[in-house]
Amino acid sequence: MNDILIKNLENAKSVGIAGHIHPDGDCIGSSLSIYNYIKLNYKDVDVDVYLEDYPDKFHFIKGSDEITNNDKSDKVYDLFIAVDSSSLDRLGYGIKYFESAKKTICIDHHISNEYYADEVVLDAKASSACEVIFDLLDIDKINKDIAEALYLGMVTDSGVFKYEQTSRKTMEKAGRLLDFGVDTTAIIDGAFYEKTYRQNQIMGRILLESMLLMDGKCILGYCTKKLMDFYNVGKEDMDGVVDQLRLTKGTECAIFLYETGDLEFKVSLRSKRYVDVSKIAVHFGGGGHIRAAGFTMNGTMHDIVNNITEQIELQI
Ligand code: 5GP
Ligand code: MN
Ligand code: MN
């Protein structure tokens, strides 16, 4: 066990925690595992979590109804912990408190991490930030709520234990969490496979209109604002689309983009074996991992796709 987090917690009377904007299961699990750990073991510490609103499917994690989604107070924290976030601008509501805090720690697993905190615990080989956090907490002081939060993060970011980064350590840590009575079936179905009718419809439509590029080595899927409005879906309903595109046989690379504003698109990239998509995302001002990365880009869809495919072709 690495005692860096525990040591810092012992000297703090107030702690703020934040994950990245557009929270995913790893970011939520990371933030709330630490939050619940502090609530359980450091009863005198004043602790807050800053996260944007996130999908209902993650609300079973304890603490979900205690999250602050604004930056309106003037609190100055003794310690601020950033999780699963490669750069400061990813912290959203947390940025203000991170900047004013007396001490900051970043716990992450993104290869593109920008070392923006006083202390950085980075393991770019770890499949999730929750896997990194597992090593920072005393296993004898966790309970089922904390185990569920950590398990959710591990499941989410490892693609249910199938992505390349999934190691023996990942499996061993997840295994330890089962001892706390985590309902693995419910978490895996709920976080990964269950879709609303509308989510299935939009995914079907995007797959239907997807196209193969580069002799079938790359697949492109896209969604306009108009289409999102037609199916009455938001960005939170796009989870899993890029992963389905990635599964297309024969492809190395998947690109998925959806319109977030006027001439603005959120781009997700995935690869299977040799394309380093993190490099491409960093090139366009984003970040991520070797096999999963993303960024936001301005321009027409045509221009954006041209720019991205040019970068992918350099590696294919
Ligand atoms: P997704 O494609 O699922 O949104 O993200 C894949 C990975 O890339 C995640 O680990 C996520 O944190 C990272 N990522 C996605 N979008 C951005 C972005 O705009 N900036 C940075 N720095 N990382 C991103
Ligand atoms: Mn994340
Ligand atoms: Mn993560």
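What follows is a short chat about the metal sites and a pocket in this predicted model.

Modeller: A word on conventions: residues are numbered from 1 along each chain as its sequence is written, and ligands are numbered from 1 in the order in which they are written. Because the model is predicted, local features need pLDDT of at least 70, side-chain atom pairs count only at pLDDT 80 or more, and side-chain values use heavy atoms, with hydrogens and water left out.

Colleague: What makes His20, Asp24 and Asp84 donors of the manganese ion (ligand 2)?

Modeller: A donor is an N, O or S atom within 2.8 Å of the metal (3.2 Å for Na, K and Ca), and water is not among the atoms, so sites may look incomplete. His20 (NE2), Asp24 (OD) and Asp84 (OD) lie 2.1 to 2.3 Å from this ion, so they qualify.

Colleague: And which residues hold the manganese ion (ligand 3)?

Modeller: Its protein donors are Asp26 (OD), Asp84 (OD), His109 (NE2) and Asp157 (OD), at 2.0 to 2.2 Å. Asp84 bridges the two manganese ions, which lie 3.5 Å apart.

Colleague: Why is His20 called buried, but Asp24 partly exposed?

Modeller: Buried means under 20% relative accessible area, exposed over 50%, partly exposed in between (1.4 Å probe, protein chains only). His20 has 4%, so it is buried; Asp24 has 24%, so it is partly exposed. Asp84, at 1%, is buried too.

Colleague: How do you know where the second largest pocket lies?

Modeller: Domain 1 (4–193) and domain 2 (197–313), with bounds from an automatic or database assignment, both give residues to its lining, so it lies between them.
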